[in-house]
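Ready for some practice? Open the structure and work through the exercises below, one step at a time.

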Amino acid sequence: HNQFTAFPALYNLGRKLWILKLSYNSITEVTEDKFINFTQLNQLTMTDNGLSNFSMPTSGIPLSLLCVDRNQLTEFPNVPSTLKTMRASVNMISSIPEEILVRLTSLRELTMHSNRIPLDAIPDVVGPNGALISFSLGSNLIPHMPKWTHLGQALTKLMLSRTDISVLTDEDLDPFPKLSYLDLSSTKITQFPYLPRHGPHL
């Protein structure tokens, strides 16, 4: 733990860094120009800061993992298309922009629980189709099971705990042909779901 209040300018050292951990600081803003020297950066962790603004270059950095949990972000971060894992839980994000998600063709894990995202603010895009296997949306504004055409095709894990979902049917699971783990704990479901077709796979 340190007391950084700004993203560090590491100049020559930045070109050698593969992993950078800056959690538990007081950094409130990160802009694209801060990454000019980070040509090898693969993992960046900035949980538990006071981040309200975060943006990175969309190319030139081979970033595969970004963790910005427990901050004050209101917008989905602009990130490189190389990203495979993104964790941005416990923020105040209200939408996932289509123009960003469609670029993330390597994204495998997206963790967004405890934000303010309504279901209609999650674009059903082809971008991560075939790559995205884990999607966490618990404690968001989800009134029913998503009816995505593209986004759910490769999902094996879908977390929707603490949402307003009140019913689950076999038809609700048709958009998720590979799903093997579904978390609906602490939702409004009152009856054990009857799932003759998809139940054996969960």
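A residue is called buried under 20% relative accessible area, exposed over 50%, and partly exposed in between (1.4 Å probe, protein chains only). This is a predicted model: local features need pLDDT of at least 70, side-chain atom pairs count only at pLDDT 80 or more, and totals for chains, interfaces and linings use all residues. Residues are numbered from 1 along each chain as its sequence is written, and side-chain values use heavy atoms, with hydrogens and water left out.

**Exercise 1.** Work out whether Asn-91 is buried or exposed, and find where Asn-91 sits.

*Solution.*
- Start with the area: Asn-91 has a relative accessible area of 6%, so it counts as buried.
- Now the place: Asn-91 lies in the loop between β6 (85-87) and α1 (98-101). Helices (H or I, at least four residues) and strands (E, at least two) are DSSP runs, numbered from the N terminus.
- Then look around: skipping neighbours within four places in sequence, Asn-91 is in contact (heavy atoms within 4.5 Å) with residues including Asp-69, Arg-70, Ser-114 and Asn-115.

**Exercise 2.** Trace the strand order of the open sheet and find its edges.

*Solution.*
- The eight strands run β1-β3-β5-β6-β7-β8-β9-β10, with parallel pairing. Two strands pair if DSSP finds at least two bridges between them.
- At the edges you'll find β1 (19-21) and β10 (181-183), each pairing on one side only.
- Zoom in on β1: this strand pairs with β3 (residues 43-45) in the parallel sense over three bridges. Ile-19 has Gln-43 in β3 as its bridge partner.
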